[in-house]
Each structure stands twice: as C-alpha cells, then as structure tokens.
Amino acid sequence: MREILRRLRSRGLDGLLGTLAVVLLVLSPLLLTGRYWTGVLMLVVCWSLLAVGFNIAFSFGGILSFAQGTFFALSSYSMTLLVAATDVPLALAALVGVLTAGLAGWGIGWILVRMNNHNATIATVILAVTTFLAANRYREHTGGEDGIRLSVRDLSVGGFELQVGNNLPTFYLGAILLVGLLVALRWLKGSVHWKVLTAIKYNEIRAETLGFNVRAYRAGSFGVAAGIAGLGGVLYAFSFGHITTSLFHLSLSVYGILYAVFGGVGTVFGPFIGALLLVPLHEELSSLFVYVDVAIGLLVILLIVFVPRGIVGALDRYWSQRNTRMNRSTEELVDADKGTANLVKSEHS
Amino acid sequence: MEIVVFQILNGLVFGLVFALIALGLNLIYGLTGLINIAHGSFYMLGAVAAYLLVSATGSFWLALVVAPLTIMALLLVVNSVLFERISQRPLEVGVLATVGLLLVVDNTVLATFGGAPETIPSPLPGAWSWGGVSYPIYRLFAGFAAILTFLSLYLFLNRTPYGLWMRAMPQSPELAAAIGIPLRRVSALTVGLGGLFAGLAGALSAPIFGVYFEMGIHVLALAFIVVVVGGLGSIPGAIVVGIVLGISRGVFAIFLPPTSAEILAVVVLAPMLVLRPNGIFGKGL
C-alpha cells in the first residue's frame, strides 16, 4: 500500500486527477440526460479546448493570449461560411476551419514573439477587440448578433456517418478528440521537443545559446494553440448549428483563461478539469441570475490573487512537497535546471 | 473641402480625448507595472457618473468637475484593495485581476444603469464658423480641456516634488526607496491621476458620443494600440500617437463609415508593431 502511494506521489497528481476527470466526463451522460445537459457537456468539451489552447500558448508560446476566442470564432466562421458557399463536405470544411485558425495563429505568433511579453499580451487584446468590431461591422457576411446557421449537418469520414447536432454521438466525437489530445500531450511530455519547450519556458536565453530557434518554437506553439481553439470552434458549430459574432467577444477568451487558471496553468489536465467544474456551474448560475459575469469577474480576481497556481497546480505542489520535503525555492531551481539538463543530455545522446 | 476640415478637426478632438485615456494607462503602468485592462471601464464610469450628475443637478459643468473626482476616489479605493496586492507579482496576475475587474464593472453598470444608450445635451450649443467651415463649439472646448490637462500634468511633473518622484520611480525603484521617497503614496497618487484622466475623458466625451455601458470595451483596443505603438509607459508617446491615431481616424472617416474608419486606423498602425515591436518611444524593457 505504501509502495503504491509512493509511486502515485512521485508521478504527481496531474495524471491521477486528469484520469478521474476524463472518466467523469465520459460517464456523465448516464446521469445527466436530456438536451439541456447534452448541450452543457458539449460546452465543457468546447471550452476545454479553448482553455487547453490558452495553456499551450501561455506555457510554451510564452504569450498570455486574449486571442484564443478569436481563433475559436475564426475557425467556426470559416467552416460555416465555406459550407454555405460551396458544396465541400462538412469534414473537409471542418479541417479547413481548424487549419485556418492554426495558420492565422502561427502567422500572428511570428509577430508576437518579437515583442516583449507585456506588449504581446496587449497586442492579443487589440486583435480580439478589433476583430469583434469588424465582425459586427460586416454583418452581411457574419450575421451580426443574429448569427448564421450551419447549413450542412451530415458528417461522413471514410464510411463513418454522423448527423451532427445537440446529440450524444456529437458529444462523444468531441470528447474523444479532447481526450485524445490530452493523452497525446501527456505522452509528448517525454519527447525532445517537449524538453526544448520546457527549457525555453525556464530560461529562454540559455536555450537560445544552446542553438535552438526559440522564436520558431514559440510561434509554433502559438499556432498549435490557435488550432486547438479552432477545433473547439468547429465542435461548437457542429453541436449548436448556429454561431453569432458574440463568439468574437473578449469575454470568450476570458472564460477560457478562467478555466485554465482555475484548473492550473502549466499542468496537462488542469484546464480541462477547470472547465469540467466551472462550465456547469456557470450555466446553472446564469439560469438563476442574468448578470452572472459580475460573479465570474470576482471569481477571476480572487483566484488569481490567492490561488494563482489553480487547483491542480496547488494540490500537486502540496503533494510533491510532502513527498520530497523540499522548500519552494529549491524545487524551482531544480525544475529550471531539469529543463536544460535534460536538453543537453538528449543532445548528446 | 468643408467635410475634410470637419473630419480632421473631429479626429483631432477624438485623439486628444483618447490620449487622456492612454496617458492614464501609461502613468499606472510606469509606476506600478500593471497593465490595467479595466481602464476603459473607468472611462465609461466617468461618462455614466457625468450623465447621472447632469440628470440630478442639471449642470454639466458641475458634473465635469465632480465625475472625474469620483472616478479618482474610486480608483484610490481599488488601488488599496486590489492593485497594491498585485503590482509586484508576475504579469499574468495583474492582467487577469484587472480583466476580472472589467467584467465586474461593466456588468454592474449593465445591471444597474441598463443597456440602452443615453445622451447628454450639448452644454455649449452652437457652432463656430470660419471660412465656410462650421464646427460645434463644445467639441473645440473638449479638445482645449484635454490640452490644458496635458499642460497641467507637464507642470505637475516638472515643478512639484511629487512630480519629480513620479518621474524618478520608474527609472529606479530601489534608488527611489533608498532616498526615502514614499513609494506607496506616490503610486497611489499616480493611480488616482490615471483615474482622474479616465473620468475626465469620459465626462468630456459624454455629450459627444453618448453614454452606454460598452463604451469602455470599445475604446480598449484603440487605447491599447496607442499605448503599445507609443511605447508602454511613455507619456509623450501616449499623447503623440493618440493624436496621430485620432487624425488618421478622422481622415478615413471622410470616405468610410465610422466603424470601418476605426478598424482601418488600427490596421494602419499595426505594421508599426512589426517594425518597432516595442513602440516608437519604448525602451524595449
């Protein structure tokens, strides 16, 4: 028993809590039935992808991004407009949507990584607010606040047929994609690229001195993060069949950030756990009182001031500190050194 | 021809009022290192306060004095409750806390004041005509009020001990602390001044643009691009780029609808960020 505990501790709580959360998500349609709850669970999936994307942009791109919601909206609009204008199959249009978001993120990432961190963050706010204004200005294409409908609902990929909408098969499609992504991220943790990214996170100058193209890695991470947000946007349009320019609003990014911060930035499963806990709460609260954003705003302030590591981050730290009895500063130093030390090792092997 | 002069004057006035907002952002950033995402919301609160005061007392001039002071007092409270806890912490703490503040302020106003736009009648009706061009007197007054504020700030920074301290602290906080500058009080005063300017900008623009709860988020992108292109923390940068942005917006408005002009003004300034990622007047941190 003690041996099992010790092994669990050494692996950290992230994976353990993550597995629990995944099981909870996959089994929840058994308890929470009906169209309303299917919609809420679908929102959990979509907002999780937004939060996971934010986490990657922040942890590895080094950019605190308020543009994740923009990429989310960009992708869902690209797909919906493409399907409406041509007879491209839905699956291909969805792929185009995700790629549009990813490429846009990559290109913008190239500009952002040349700025210092404060300016880059502000630039993402400018991007988000300007695209929101532009989307409402060109309402003949975007439909404005009334939005536009996804005109094709038949998704078929290689013999696999699905009628997308607010139904369980669509939810499971989203859940599989989300869980697959999280598992891939967890698995990537051992790879050389991951080590480079970690090294950049802890000491950018050192990584650059070792000969890595830091800017390329950061811009690439930002592109991947945008693509992940874009996947969320595509799934959102699948499920609700209707998108409006409110998807471009800054508050969408703020929600994504809130879920990521609540769960724990820098962990693999934290952003997903944050969304899983907060999205249903948010939906229930908004049915009770309209101005729920006042409460959300207060929650953001209290969280970031008092629990900046999020629940997974804070628990994980407490857990590993009990395990190793290291104090905070030593642990941070070891962490930082591990990043570059591993890198040097893998370079030499 | 008349429309050209009219729109350029419009842009100039807009840019001057705008520079007031950007200036407050930069003052707060320079002293506390905080990027106040909620700054636009305090501009909106200034306009709302002015509207409520005009409705209650009927005097715009009273509102023009009291509304900015109210916002200043509010920011002093926010400073001691929130900003002082987050100013020395990593970037994301300050940014996210002020985003939370934005949500709280905007939605509280939506819940109490309502979502419908309101207007204040122009306190200086009539137009000033010169060579075939006529321009509303009140807008000229708003522009001059902004210029007067810049001059006062210049004198304050260069002629008073607090001004000297406010310039010294961003250069070297350690040295400033070592020679006995009351850091907390100087920071609080700066945040208060930022609030005063935002409130003043709100009150000044209320009779021009109307009053609505989303006006804060609408100026946010423009205020930020002014700040970034001018150089984060730079006082002349905020004023110069604010005016340039305003005039270019005015020029675009000659042949485009207002929202498109606003978007185009941002898009035109954006390449500056590629050429000089850290601003024209920026130190590059």
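Me: Before anything else, what does pLDDT tell me about chain A?

Reply: pLDDT is the predictor's confidence in each residue, from 0 to 100. You need it here because this is a predicted model. Chain A averages a pLDDT of 83, and 88% of the residues score at least 70.

Me: Where in chain A does pLDDT stay under 50, and how many contacts does the model have there beyond four places in sequence?

Reply: First the general idea: where pLDDT is low, don't read the predicted coordinates in detail. In chain A, that score stays under 50 over residues 344–349, and the model has four contacts for them beyond four places in sequence.

Me: OK, on to chain B. How many helices and strands does chain B have, and what pattern do they follow?

Reply: Count them, then read along the sequence. Chain B has eleven helices and two strands. The pattern runs α-α-α-α-β-β-α-α-α-α-α-α-α. Chain B has a radius of gyration of 19 Å, close to the 19 Å that the globule rule gives for 285 residues, so chain B is as compact as a globular protein of that length.

Me: What does the C-alpha trace of chain B span along its principal axes?

Reply: About 60 × 45 × 35 Å.

Me: How much of chain B is buried, and what supplies the area it exposes?

Reply: Under 20% relative accessible area counts as buried. In chain B, 55% of the 285 residues are buried. The chain exposes about 11500 Å², with carbon and sulfur atoms supplying 71% of that.

Me: And how many charged side chains, positive and negative, does chain B have?

Reply: Chain B has 10 positive and 8 negative ones, and the centres of the two sets lie 14 Å apart.

Methods. Residues numbered from 1 in each chain as written. Chains lettered and ligands numbered in written order. Predicted model: local features only at pLDDT ≥ 70, side-chain atom pairs only at ≥ 80, totals over all residues. Heavy atoms only, no water. Helix = DSSP H or I, 4+ residues; strand = E, 2+ residues; numbered from the N terminus. Rg over C-alpha atoms; globule rule 2.2 N^0.38 Å. Buried < 20%, exposed > 50% of the residue type's maximum accessible area, 1.4 Å probe, protein only. Areas by Shrake-Rupley, 256 points an atom, 1.4 Å probe, with all protein chains shown as cover. Lys, Arg positive; Asp, Glu negative; His and termini not counted. Charge placed at Lys NZ, Arg CZ, Asp CG, Glu CD. Contact = heavy atoms within 4.5 Å.
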